[in-house]
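The exercises below are meant for a reader who meets this structure for the first time. Each one sets a task and then works through the solution step by step.

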Amino acid sequence: MNEQELRKRLEMLKSEHRDLDAAIAALTEAGDGGFVDQLQIARLKKRKLQLKDRISAIEDSLIPDIIA
């Protein structure tokens, strides 16, 4: 992948990460009055962590190493 494709992929992953954040918050708030699907929330959080790892890997590949 070239730099432009990596940046595009990075933005897509960040967007999905934000969407998962909103979904987790909505599920948590909806469950305040009763049943909360803990399994679903756990799956979303796991997916969010996987996205964070991918985002970090792409950002590391885009930022050149600077030797101090």
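**Exercise 1. State the exposure of Glu 16 and of its salt-bridge partner, and say where the two residues lie.**

Glu 16 has a relative accessibility of 31% and therefore counts as partly exposed, a class that lies between buried, under 20% relative accessible area, and exposed, over 50%, with a 1.4 Å probe and protein chains only. The model is predicted, so local features need pLDDT of at least 70 and side-chain atom pairs count only at pLDDT 80 or more, while totals for chains, interfaces and linings use all residues. Residues are numbered from 1 along each chain as its sequence is written, and side-chain values use heavy atoms, with hydrogens and water left out.

The next step is the partner: the side chains of Glu 16 and Arg 47 form a salt bridge with an N to O distance of 2.8 Å, where a salt bridge is a side-chain nitrogen of Lys or Arg within 4 Å of a carboxyl oxygen of Asp or Glu. Because Arg 47 lies in helix α2 and Glu 16 in helix α1, this pair ties together parts that are 31 residues apart in sequence. Arg 47, at 26% relative accessibility, is partly exposed.

**Exercise 2. Describe the other salt bridges that can be placed on the helices.**

By the rule given above, the count comes to four salt bridges. One of them joins the side chains of Asp 21 and Lys 48, at 2.5 Å from N to O. This pair links distant parts of the chain, with Asp 21 in helix α1 and Lys 48 in helix α2, 27 residues apart. Asp 21 is partly exposed at a relative accessible area of 39%, and Lys 48 is partly exposed at 21%.

Another salt bridge joins Arg 7 and Glu 3, whose closest N and O atoms are 2.8 Å apart. Here both residues lie in helix α1, four residues apart, which is about one turn of the helix. Arg 7 is partly exposed at 42% relative accessibility, and Glu 3 is partly exposed with a relative accessible area of 46%.

**Exercise 3. Work out how the helices pass each other.**

Begin with the inventory: the secondary structure of the chain comes to two helices and zero strands, where helices (H or I, at least four residues) and strands (E, at least two) are DSSP runs, numbered from the N terminus. Two packed helices are described by the angle between their axes and the distance between the axes.

The axes of α1 (residues 3–30) and α2 (residues 38–62) come within 9 Å and cross at roughly 155 degrees. That angle makes α1 roughly antiparallel to α2, a term for angles over 145 degrees. The crossing of α1 past α2 is left-handed, meaning that the near helix is turned anticlockwise from the far one by less than a right angle. The residues of this contact divide into 13 nonpolar, four polar and 12 charged.

**Exercise 4. Describe the extent of the chain.**

The C-alpha atoms fill a box of roughly 55 × 25 × 15 Å along the principal axes. The radius of gyration, taken over C-alpha atoms, is 16 Å, whereas a compact globule of 68 residues would have one near 11 Å, by a rule of 2.2 Å times the number of residues to the power 0.38. Of the 68 residues, 19% count as buried.

Definitions and conventions:
Axes fitted to C-alpha atoms, helices over the stretch in contact; angles between N-to-C directions. Parallel < 35°, antiparallel > 145°, perpendicular 65-115°, else oblique. Nonpolar A, V, L, I, M, F, W, Y, C, P; charged D, E, K, R; others polar.
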